[in-house]
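Student: I am new to this structure and would like a close look at one single part. Could you walk me through a helix and its surroundings?

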Amino acid sequence: MADPWLHIVGIGEDGLDGLLPATRAVVEAAEVIVGGDRHHVLSEAVKAERLSWPSPFDALIDMLHGYKGRRVIVLATGDPLWFSVGARIGREIDPAEITYHPQLSAFQLAAARMGWSLPDVETLTVHGRPVEQMIAFIQPDARLLILTTGEQTPAQIARFLTERGFGASKMTVLAAMGGAEERRFEGVAESWSHTVPAFNTLAVDCVAAPDAALLPRVPGLEDALFQSDGTMTKQEVRAATLAKLMPMRGALLWDIGTGCGSVAVEWMRGARYARAIGIEPRADRRAMAAANALALGVPKLELVDGTVPAALEGLPAPDAVFIGGGLSAEVFDATWKALRPLGRLVANAVTLESEAVLLALHKQHGGQLVKLSVQRAEPVGGLTGWRPLMPVTQWSLVKR
């Protein structure tokens, strides 16, 4: 096998001086160096052809292939496989053609500066991503290390914390770590006012007020946290539904008849990098679903205008399917056919007509059929009584 032609090198604020001797020799022998402006400045002593990140960024892989046969270096900040370009390249180019040269990551440096045990914190990035996705990680006593996307990001995150009752959370911005210009800014979310460098890492020590919003990652958020027109999967039933759908890292859910998006939103919150596509023909409900996804920290929820089965054309195969609206034998057949092996399908019915469809499908395909009945205590005059919700018939099965 030929030696790898592509080297992906992590570099820190100390530039070439911070590299291991063998890694520095690789960089100094480069014919082509690809990176951002910072990376080129940090390695400016090396004489090589210089290339900036292409626009659009998706063109990077084709650009790199065009230089195959030459000594090509891609420079990245810190560890190129931790929320960085190295992972992206490794998905498109055979890893046997690549040598990775990691440097200390921003997370490792920030944890050392804060005196935090790295396994005990959540490591997140909002660099080049929606800042709202950090909202899902706001928990009492949680510690967060966040790669930011610019000088405005800490102020945005301070606002998210304050709005949710975490205004007393301690915030520390660390900039240029490991370099001569290293700087540190400290404060609390509710009074954050620092002007910070654009390239920074944020450490958050979450402190909850007595009235703070509790938004656990496990399913079953309060109904009141969602914008809704009333036709939503209620809290208790939603928790049971998500338990059968089984959110997993990176898995994709199709939410058929997504409504306000409560199931899709909780699916995405339930596991790191979980994805969801909500299919909903009504524009007002898609708008509510989008707003709920943004407010609850999963802004990457995809929404499709249409009905099943036509709306499924061209969608990536799902790992789970929830049918919360528009149930029919035709809808089941289309989604079941698309479902990946070991995929989970859950269908809920509240009407007698939909229940009849589920009974027939259960008889034909097996699975688990349950009746969910929930009663909530509510005032009755000056006293308290039980008020039942509409019972839900739930059918679930795993594709073997």
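Tutor: Right after helix α7 comes M246, whose phi is positive, near 60 degrees. This is a predicted model, where local features need pLDDT of at least 70, side-chain atom pairs count only at pLDDT 80 or more, and totals for chains, interfaces and linings use all residues. Residues are numbered from 1 along each chain as its sequence is written, and side-chain values use heavy atoms, leaving out hydrogens and water.

Helix α7 itself covers residues 235-245; helices here are DSSP runs of H or I with at least four residues, strands are runs of E with at least two, and both are numbered from the N terminus. Its buried residues (under 20% relative accessible area, with a 1.4 Å probe and protein chains only) are V237, R238, T241, L242 and L245. They lie on the same side of α7, because they cover an arc of only 135 degrees around the axis, taken from the directions from the helix axis to the C-beta atoms. These buried residues pack against β11 (252-256), α8, β14 (320-323), β15 (344-349), β16 (368-372) and β19 (392-398).

Now look at α8, residues 262-270: its axis and that of α7 come within 10 Å and cross at roughly 55 degrees, with axes fitted to C-alpha atoms over the stretch in contact and angles running from 0 to 180 degrees between N-to-C directions. In contact here (heavy atoms within 4.5 Å), R238, L242 and L245 of α7 meet S262, V263, E266 and W267 of α8.

Notes:
Buried < 20%, exposed > 50% of the residue type's maximum accessible area, 1.4 Å probe, protein only.
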